[in-house]
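Let's take a walk through this structure together, one region at a time. Keep the 3D view open and follow along as we go.

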Amino acid sequence: MKTEYQRPPIRVALMGLGRALFEDHFPIFKAHPGLFRVTCACDLIKERRDIVAQDFPECKMFRQYSDMLDENDIDVVVVSTCTKDHVSHAIQSLKKNYWTLLETPMALDYEDAQKLRGQAVKSNNRLIVMQRGFFSADFLLAKQMMTDPRLGTIYDLRIRREDYIRRDDWQCVKRLGGGATYYAMTDLILMVLKLLPSPPIQMWSELKRITSMGDAEDYAHLNLKTREAVTADVEYNGGSIAGDRSPSFVIRGEFGTFKVEPGASEGTLTVVDPAHKFPRRRSSVRTPELTDMHESFPIITETVKLPPGTLHGQSAFWRHVYQTVRTAAPFPLQIEDSMEAIKFAHLMKKTS
(Lines give C-alpha, C1' and ligand atoms only; values in the text may rest on other atoms or scores of the structure.)
Protein backbone atom coordinates (compact mmCIF):
# COMPACT_ATOMS: atom_id res chain seq x y z
CA MET A 1 0.00 0.00 0.00
CA LYS A 2 1.44 3.34 -1.02
CA THR A 3 1.31 6.46 1.13
CA GLU A 4 0.82 8.92 -1.70
CA TYR A 5 -2.22 10.62 -0.17
CA GLN A 6 -1.64 14.08 1.27
CA ARG A 7 -4.44 13.73 3.82
CA PRO A 8 -4.49 12.93 7.54
CA PRO A 9 -4.59 9.27 8.60
CA ILE A 10 -7.93 7.64 9.30
CA ARG A 11 -8.72 7.57 13.02
CA VAL A 12 -9.73 3.97 13.76
CA ALA A 13 -11.74 2.68 16.72
CA LEU A 14 -11.71 -1.06 17.39
CA MET A 15 -14.71 -2.92 18.80
CA GLY A 16 -13.85 -6.52 19.65
CA LEU A 17 -10.19 -7.56 19.88
CA GLY A 18 -10.21 -11.11 18.59
CA ARG A 19 -8.44 -13.22 15.98
CA ALA A 20 -10.05 -11.52 12.98
CA LEU A 21 -8.90 -8.12 14.19
CA PHE A 22 -5.35 -9.08 15.12
CA GLU A 23 -4.69 -11.44 12.19
CA ASP A 24 -6.22 -9.44 9.34
CA HIS A 25 -6.51 -5.75 10.20
CA PHE A 26 -4.03 -4.85 12.92
CA PRO A 27 -0.90 -5.61 10.83
CA ILE A 28 -2.12 -3.06 8.24
CA PHE A 29 -2.58 -0.39 10.90
CA LYS A 30 0.93 -1.00 12.24
CA ALA A 31 2.57 -1.06 8.81
CA HIS A 32 0.96 2.17 7.57
CA PRO A 33 0.86 4.80 10.33
CA GLY A 34 0.58 7.53 7.71
CA LEU A 35 -2.78 6.11 6.63
CA PHE A 36 -4.25 4.69 9.83
CA ARG A 37 -4.08 5.68 13.49
CA VAL A 38 -5.79 3.56 16.14
CA THR A 39 -7.32 6.05 18.56
CA CYS A 40 -9.74 3.86 20.55
CA ALA A 41 -10.14 0.19 21.42
CA CYS A 42 -12.87 -1.67 23.29
CA ASP A 43 -12.83 -5.16 24.79
CA LEU A 44 -13.69 -6.71 28.13
CA ILE A 45 -10.33 -8.49 28.30
CA LYS A 46 -7.54 -6.22 29.55
CA GLU A 47 -4.79 -8.38 28.03
CA ARG A 48 -6.27 -7.77 24.58
CA ARG A 49 -6.33 -4.03 25.16
CA ASP A 50 -2.71 -4.17 26.31
CA ILE A 51 -1.68 -5.67 22.96
CA VAL A 52 -3.12 -2.63 21.17
CA ALA A 53 -1.43 -0.27 23.63
CA GLN A 54 2.00 -1.71 22.82
CA ASP A 55 1.79 -0.37 19.26
CA PHE A 56 -0.52 2.59 19.87
CA PRO A 57 0.33 3.91 23.35
CA GLU A 58 -1.90 6.97 22.95
CA CYS A 59 -4.95 4.84 22.15
CA LYS A 60 -7.85 5.27 24.59
CA MET A 61 -9.09 2.01 26.11
CA PHE A 62 -12.70 1.10 26.92
CA ARG A 63 -14.64 -1.78 28.43
CA GLN A 64 -18.03 -0.45 27.33
CA TYR A 65 -18.89 0.10 23.68
CA SER A 66 -21.24 3.00 24.36
CA ASP A 67 -18.47 4.87 26.19
CA MET A 68 -16.13 4.52 23.22
CA LEU A 69 -18.80 5.77 20.80
CA ASP A 70 -19.07 8.97 22.86
CA GLU A 71 -15.53 9.88 21.78
CA ASN A 72 -15.00 12.39 18.97
CA ASP A 73 -11.55 11.26 17.83
CA ILE A 74 -12.96 8.61 15.46
CA ASP A 75 -13.47 8.29 11.70
CA VAL A 76 -14.06 4.54 11.35
CA VAL A 77 -15.37 1.98 13.84
CA VAL A 78 -14.23 -1.59 13.11
CA VAL A 79 -16.81 -4.06 14.47
CA SER A 80 -15.38 -7.56 14.88
CA THR A 81 -17.51 -8.97 17.68
CA CYS A 82 -19.63 -12.11 18.03
CA THR A 83 -21.74 -12.70 14.93
CA LYS A 84 -25.04 -12.41 16.81
CA ASP A 85 -24.05 -8.87 17.88
CA HIS A 86 -22.99 -7.59 14.45
CA VAL A 87 -26.24 -5.84 13.56
CA SER A 88 -26.77 -4.12 16.92
CA HIS A 89 -23.14 -2.97 17.21
CA ALA A 90 -23.06 -1.68 13.65
CA ILE A 91 -26.34 0.20 14.07
CA GLN A 92 -25.06 1.89 17.25
CA SER A 93 -22.00 3.11 15.38
CA LEU A 94 -23.98 4.26 12.35
CA LYS A 95 -26.35 6.24 14.58
CA LYS A 96 -23.30 8.20 15.73
CA ASN A 97 -22.64 8.88 12.03
CA TYR A 98 -19.28 7.07 12.06
CA TRP A 99 -18.01 5.10 9.10
CA THR A 100 -18.61 1.51 10.20
CA LEU A 101 -16.59 -1.45 8.98
CA LEU A 102 -18.40 -4.68 9.82
CA GLU A 103 -16.86 -8.13 9.81
CA THR A 104 -18.66 -10.75 7.77
CA PRO A 105 -21.42 -11.83 8.04
CA MET A 106 -23.32 -8.56 8.10
CA ALA A 107 -26.35 -10.33 9.66
CA LEU A 108 -27.83 -13.73 10.43
CA ASP A 109 -30.91 -13.32 8.24
CA TYR A 110 -32.16 -11.15 5.41
CA GLU A 111 -34.60 -9.21 7.61
CA ASP A 112 -31.81 -8.03 9.92
CA ALA A 113 -29.67 -7.22 6.89
CA GLN A 114 -32.47 -4.96 5.65
CA LYS A 115 -32.67 -3.21 9.02
CA LEU A 116 -28.94 -2.61 8.92
CA ARG A 117 -29.10 -1.30 5.38
CA GLY A 118 -31.90 1.05 6.39
CA GLN A 119 -29.76 2.56 9.14
CA ALA A 120 -26.81 2.79 6.77
CA VAL A 121 -28.93 4.84 4.33
CA LYS A 122 -29.94 7.19 7.17
CA SER A 123 -26.25 7.56 8.05
CA ASN A 124 -25.13 8.65 4.57
CA ASN A 125 -24.24 5.10 3.45
CA ARG A 126 -21.30 4.82 5.82
CA LEU A 127 -21.39 1.04 6.15
CA ILE A 128 -18.64 -1.18 4.69
CA VAL A 129 -18.90 -4.98 5.01
CA MET A 130 -15.68 -6.96 5.16
CA GLN A 131 -15.79 -9.61 2.39
CA ARG A 132 -12.28 -11.09 2.20
CA GLY A 133 -12.83 -13.20 -0.86
CA PHE A 134 -13.78 -10.25 -3.06
CA PHE A 135 -10.22 -8.90 -2.72
CA SER A 136 -8.33 -12.23 -2.84
CA ALA A 137 -5.86 -12.90 -5.65
CA ASP A 138 -7.43 -16.21 -6.71
CA PHE A 139 -10.89 -14.63 -7.04
CA LEU A 140 -9.50 -11.73 -9.08
CA LEU A 141 -7.88 -14.28 -11.40
CA ALA A 142 -11.11 -16.28 -11.70
CA LYS A 143 -13.02 -13.10 -12.51
CA GLN A 144 -10.45 -12.25 -15.17
CA MET A 145 -10.74 -15.71 -16.74
CA MET A 146 -14.53 -15.63 -16.96
CA THR A 147 -14.16 -13.45 -20.04
CA ASP A 148 -11.17 -15.24 -21.59
CA PRO A 149 -12.24 -16.33 -25.11
CA ARG A 150 -9.88 -19.31 -25.06
CA LEU A 151 -12.21 -21.13 -22.67
CA GLY A 152 -15.16 -20.76 -25.02
CA THR A 153 -18.66 -20.84 -23.56
CA ILE A 154 -18.40 -21.41 -19.80
CA TYR A 155 -20.79 -23.97 -18.38
CA ASP A 156 -19.53 -24.82 -14.88
CA LEU A 157 -17.80 -23.21 -11.87
CA ARG A 158 -16.38 -24.88 -8.80
CA ILE A 159 -15.31 -22.99 -5.69
CA ARG A 160 -13.66 -24.67 -2.74
CA ARG A 161 -12.33 -23.56 0.65
CA GLU A 162 -10.93 -26.46 2.67
CA ASP A 163 -9.38 -26.84 6.08
CA TYR A 164 -9.10 -29.27 8.96
CA ILE A 165 -9.93 -27.56 12.22
CA ARG A 166 -11.61 -28.88 15.37
CA ARG A 167 -13.22 -25.58 16.33
CA ASP A 168 -14.17 -25.16 19.98
CA ASP A 169 -15.02 -21.43 20.02
CA TRP A 170 -18.34 -19.57 19.71
CA GLN A 171 -18.13 -19.91 15.93
CA CYS A 172 -19.21 -23.53 16.32
CA VAL A 173 -22.21 -22.77 18.57
CA LYS A 174 -25.59 -22.24 16.89
CA ARG A 175 -27.15 -19.97 19.53
CA LEU A 176 -24.25 -17.53 19.11
CA GLY A 177 -24.62 -17.35 15.35
CA GLY A 178 -21.82 -19.80 14.63
CA GLY A 179 -21.55 -22.22 11.75
CA ALA A 180 -19.72 -22.35 8.44
CA THR A 181 -22.75 -21.02 6.56
CA TYR A 182 -22.13 -17.62 8.13
CA TYR A 183 -18.40 -17.49 8.90
CA ALA A 184 -17.29 -18.99 5.57
CA MET A 185 -20.05 -19.43 3.00
CA THR A 186 -21.27 -15.82 2.81
CA ASP A 187 -17.89 -14.92 1.32
CA LEU A 188 -18.00 -17.81 -1.15
CA ILE A 189 -21.60 -17.08 -2.11
CA LEU A 190 -20.79 -13.45 -2.83
CA MET A 191 -17.90 -14.51 -5.06
CA VAL A 192 -19.95 -17.00 -7.07
CA LEU A 193 -22.75 -14.47 -7.55
CA LYS A 194 -20.17 -12.06 -8.95
CA LEU A 195 -18.81 -14.72 -11.33
CA LEU A 196 -22.08 -16.13 -12.67
CA PRO A 197 -23.32 -14.47 -15.89
CA SER A 198 -26.83 -14.01 -14.44
CA PRO A 199 -28.69 -14.57 -11.15
CA PRO A 200 -29.33 -18.22 -10.22
CA ILE A 201 -32.83 -19.63 -10.63
CA GLN A 202 -32.29 -23.02 -8.94
CA MET A 203 -30.57 -23.91 -5.66
CA TRP A 204 -29.68 -27.02 -3.68
CA SER A 205 -27.67 -27.16 -0.45
CA GLU A 206 -26.61 -29.33 2.47
CA LEU A 207 -24.95 -28.73 5.86
CA LYS A 208 -22.96 -31.17 8.00
CA ARG A 209 -20.98 -31.20 11.23
CA ILE A 210 -17.72 -33.10 10.78
CA THR A 211 -14.90 -32.11 13.16
CA SER A 212 -16.44 -29.16 15.00
CA MET A 213 -16.68 -29.44 18.79
CA GLY A 214 -19.96 -27.51 18.88
CA ASP A 215 -23.42 -28.08 17.46
CA ALA A 216 -23.06 -25.89 14.35
CA GLU A 217 -22.05 -27.07 10.89
CA ASP A 218 -18.47 -26.93 9.64
CA TYR A 219 -19.33 -28.24 6.17
CA ALA A 220 -21.57 -26.32 3.77
CA HIS A 221 -22.31 -27.28 0.18
CA LEU A 222 -24.29 -25.23 -2.35
CA ASN A 223 -25.28 -25.85 -5.98
CA LEU A 224 -26.67 -23.06 -8.16
CA LYS A 225 -27.95 -22.96 -11.75
CA THR A 226 -28.64 -19.98 -13.98
CA ARG A 227 -31.20 -19.60 -16.75
CA GLU A 228 -28.38 -20.17 -19.26
CA ALA A 229 -27.66 -23.56 -17.58
CA VAL A 230 -24.38 -22.39 -16.08
CA THR A 231 -23.89 -24.39 -12.88
CA ALA A 232 -21.89 -23.52 -9.78
CA ASP A 233 -20.72 -25.97 -7.13
CA VAL A 234 -19.59 -24.17 -3.96
CA GLU A 235 -18.23 -25.90 -0.88
CA TYR A 236 -16.62 -25.02 2.43
CA ASN A 237 -15.21 -28.04 4.26
CA GLY A 238 -13.70 -27.77 7.74
CA GLY A 239 -12.90 -31.47 7.82
CA SER A 240 -10.63 -31.87 4.79
CA ILE A 241 -7.12 -33.11 5.55
CA ALA A 242 -4.07 -31.59 3.86
CA GLY A 243 -2.90 -33.41 0.73
CA ASP A 244 -6.45 -34.10 -0.42
CA ARG A 245 -7.64 -30.60 -1.28
CA SER A 246 -8.96 -29.08 -4.45
CA PRO A 247 -8.10 -25.85 -6.30
CA SER A 248 -9.99 -22.86 -4.94
CA PHE A 249 -11.50 -22.08 -8.35
CA VAL A 250 -12.13 -24.30 -11.36
CA ILE A 251 -13.75 -22.75 -14.44
CA ARG A 252 -14.81 -25.13 -17.20
CA GLY A 253 -15.65 -24.05 -20.73
CA GLU A 254 -16.30 -25.83 -24.00
CA PHE A 255 -12.59 -25.69 -24.96
CA GLY A 256 -10.88 -26.32 -21.64
CA THR A 257 -10.37 -25.52 -17.97
CA PHE A 258 -8.81 -22.90 -15.72
CA LYS A 259 -7.63 -23.76 -12.19
CA VAL A 260 -6.08 -21.71 -9.41
CA GLU A 261 -4.93 -22.73 -5.94
CA PRO A 262 -6.10 -20.96 -2.75
CA GLY A 263 -4.65 -17.47 -2.44
CA ALA A 264 -2.47 -17.83 -5.54
CA SER A 265 -1.88 -14.94 -7.93
CA GLU A 266 -1.32 -17.27 -10.89
CA GLY A 267 -3.25 -20.24 -12.23
CA THR A 268 -3.20 -22.82 -15.01
CA LEU A 269 -5.16 -22.67 -18.26
CA THR A 270 -5.49 -25.94 -20.19
CA VAL A 271 -7.37 -25.60 -23.50
CA VAL A 272 -7.59 -26.75 -27.06
CA ASP A 273 -5.05 -24.75 -29.09
CA PRO A 274 -7.00 -21.71 -30.36
CA ALA A 275 -5.16 -22.00 -33.67
CA HIS A 276 -6.61 -25.47 -34.26
CA LYS A 277 -9.59 -25.75 -36.59
CA PHE A 278 -11.81 -28.78 -36.08
CA PRO A 279 -12.98 -30.43 -39.33
CA ARG A 280 -16.63 -29.94 -40.18
CA ARG A 281 -18.85 -32.73 -38.90
CA ARG A 282 -22.51 -33.35 -38.27
CA SER A 283 -24.48 -35.91 -36.33
CA SER A 284 -26.03 -38.95 -38.00
CA VAL A 285 -28.80 -41.36 -37.07
CA ARG A 286 -27.16 -44.19 -39.03
CA THR A 287 -25.43 -47.09 -37.33
CA PRO A 288 -21.97 -45.82 -36.33
CA GLU A 289 -18.77 -47.23 -37.76
CA LEU A 290 -16.70 -49.60 -35.61
CA THR A 291 -14.05 -46.95 -35.05
CA ASP A 292 -13.03 -44.66 -32.22
CA MET A 293 -14.83 -41.34 -32.44
CA HIS A 294 -12.14 -39.42 -30.57
CA GLU A 295 -10.25 -36.81 -32.53
CA SER A 296 -6.63 -35.77 -32.26
CA PHE A 297 -6.10 -32.09 -31.49
CA PRO A 298 -3.36 -29.99 -29.88
CA ILE A 299 -3.70 -28.88 -26.25
CA ILE A 300 -1.85 -25.96 -24.72
CA THR A 301 -1.14 -25.38 -21.04
CA GLU A 302 -0.35 -21.85 -19.97
CA THR A 303 0.31 -20.09 -16.69
CA VAL A 304 -1.99 -17.09 -16.25
CA LYS A 305 -1.07 -14.27 -13.86
CA LEU A 306 -2.72 -11.15 -12.53
CA PRO A 307 -1.62 -7.98 -14.36
CA PRO A 308 1.54 -6.44 -12.86
CA GLY A 309 0.80 -4.08 -10.01
CA THR A 310 -2.59 -5.57 -9.17
CA LEU A 311 -3.18 -5.01 -5.47
CA HIS A 312 -5.03 -7.76 -3.64
CA GLY A 313 -5.77 -9.06 -0.18
CA GLN A 314 -5.91 -6.91 2.95
CA SER A 315 -3.79 -4.17 1.40
CA ALA A 316 -6.30 -3.77 -1.43
CA PHE A 317 -9.25 -3.77 0.95
CA TRP A 318 -7.82 -1.12 3.28
CA ARG A 319 -6.61 1.04 0.37
CA HIS A 320 -10.20 1.20 -0.84
CA VAL A 321 -11.41 1.96 2.69
CA TYR A 322 -8.97 4.87 2.90
CA GLN A 323 -9.99 6.23 -0.49
CA THR A 324 -13.67 5.95 0.37
CA VAL A 325 -13.37 7.68 3.74
CA ARG A 326 -10.82 10.34 2.82
CA THR A 327 -11.51 11.04 -0.87
CA ALA A 328 -15.19 10.01 -1.22
CA ALA A 329 -14.27 7.39 -3.84
CA PRO A 330 -17.00 4.73 -4.31
CA PHE A 331 -16.26 1.50 -2.45
CA PRO A 332 -16.03 -1.35 -5.01
CA LEU A 333 -18.42 -3.61 -3.09
CA GLN A 334 -21.99 -2.50 -2.44
CA ILE A 335 -24.09 -3.31 0.62
CA GLU A 336 -26.62 -4.98 -1.68
CA ASP A 337 -23.94 -7.50 -2.70
CA SER A 338 -23.44 -8.60 0.92
CA MET A 339 -27.20 -8.66 1.45
CA GLU A 340 -27.66 -11.02 -1.48
CA ALA A 341 -25.07 -13.38 0.02
CA ILE A 342 -26.95 -13.28 3.34
CA LYS A 343 -30.20 -14.13 1.54
CA PHE A 344 -28.73 -17.34 0.11
CA ALA A 345 -26.99 -18.23 3.40
CA HIS A 346 -30.27 -17.80 5.24
CA LEU A 347 -32.00 -20.06 2.72
CA MET A 348 -29.31 -22.68 3.28
CA LYS A 349 -29.89 -22.56 7.03
CA LYS A 350 -33.65 -22.86 6.62
CA THR A 351 -33.76 -25.62 4.00
CA SER A 352 -30.66 -27.79 4.55
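Start in a loop: Q171 sits between strand 7 and helix 7. Keep in mind that this is a predicted model. Is Q171 buried or exposed? With 13% relative accessibility, below the 20% cut-off, Q171 counts as buried. Setting aside residues within four places in sequence, Q171 touches T83, G178, G179 and Y183.

From that loop, move on to helix 7, which covers residues 180–195. Helix 7 lies across strand 7 (154–162), strand 8, strand 9 (219–226), strand 10 (231–237) and strand 11, and it runs at about 155° to strand 10. Those strands bring us to the sheet they sit in. It's an open sheet of eight strands with mixed pairing, in the order 8-9-10-7-11-12-13-14. Strand 8 (200–208) and strand 14 stand at the edges with a single partner strand each, so one side of each has no neighbour in the sheet. From one strand to the next, the twist averages 10°.

Now follow the later strands of that order. Strand 11 (residues 249–253) pairs with strand 12 in the antiparallel sense over five bridges, and F249 has V260 in strand 12 as its bridge partner. Next, strand 12 (residues 256–260) is joined to strand 13 (residues 266–272) by four bridges, again antiparallel. The hairpin of strand 12 and strand 13 has five residues between the strands, and there G263 takes a positive phi near 75°. Strand 13 is in turn joined to strand 14 (residues 299–305) by seven bridges, and these two also run antiparallel.

L269 is a good residue to click on here, since it lies in strand 13. On one strand, L269 is the bridge partner of F258; in strand 14, the bridge partner of L269 is E302. At 1% relative accessibility, under the 20% limit, L269 counts as buried. Which residues does L269 contact, leaving aside its neighbours within four places in sequence? They are M145, R150, L151, T257, F258, I300, T301, E302 and V304. For a sense of scale, L269 and D70 are 54 Å apart in space, C-alpha to C-alpha, and 199 residues apart in sequence.

One of those contacts, M145, leads to helix 6 (residues 137–145), where the buried residues are A137, D138, F139, L141, A142 and M145. What do the buried residues of helix 6 pack against? Their partners are strand 7, helix 7, strand 11, strand 12, strand 13 and strand 14.

Go back to helix 7 for a moment, because two packed helices are described by the angle between their axes and the distance between the axes. Helix 7 packs with helix 9 (residues 335–351) at an angle of about 120°, with the axes 8 Å apart. The two helices are therefore oblique to each other, and helix 7 passes helix 9 in a right-handed crossing. On the helix 7 side, T181, Y182, M185, T186, I189, L190, L193 and K194 take part, and the residues they meet in helix 9 include I342, F344, A345 and M348. Sorted by class, this contact has ten nonpolar, four polar and four charged residues.

Another helix pair to look at is helix 1 (residues 19–31) with helix 8 (residues 313–327), where the axes are 10 Å apart and the angle is about 70°. Helix 1 and helix 8 are therefore roughly perpendicular to each other, and helix 1 passes helix 8 in a right-handed crossing. Here D24, H25, I28 and F29 in helix 1 meet Q314, S315 and W318 in helix 8. The contact of helix 1 with helix 8 has three nonpolar, three polar and one charged residues.

The last stop is an open sheet of six strands, with parallel pairing and the order 3-2-1-4-5-6. Strand 3 (60–62) and strand 6 (127–130) stand at its edges, each with a single partner strand, so each has one side without a neighbour in the sheet. Neighbouring strands are turned by 25° against each other on average, direction ignored. Within this sheet, strand 4 (residues 76–79) and strand 5 (residues 99–103) pair in the parallel sense over four bridges, and V79 has L102 in strand 5 as its bridge partner. Finally, helix 2 (residues 46–55) lies across strand 1 (10–15), strand 2 (36–42) and strand 3, running at about 170° to strand 3.

Technical notes: Residues are numbered from 1 along each chain as its sequence is written. This is a predicted model: local features need pLDDT of at least 70, side-chain atom pairs count only at pLDDT 80 or more; totals for chains, interfaces and linings use all residues. Side-chain values use heavy atoms; hydrogens and water are left out. Two strands pair if DSSP finds at least two bridges between them. Axes are lines fitted to C-alpha atoms, for helices over the stretch in contact, and angles run from 0 to 180 degrees between N-to-C directions. Contact means heavy atoms within 4.5 Å. Angles under 35 degrees count as roughly parallel, over 145 as roughly antiparallel, 65 to 115 as roughly perpendicular and the rest as oblique. A crossing is left-handed if the near helix is turned anticlockwise from the far one by less than a right angle, and right-handed if clockwise. Ala, Val, Leu, Ile, Met, Phe, Trp, Tyr, Cys and Pro count as nonpolar, Asp, Glu, Lys and Arg as charged, and the others, Gly among them, as polar. Buried means under 20% relative accessible area, exposed over 50%, partly exposed in between (1.4 Å probe, protein chains only).
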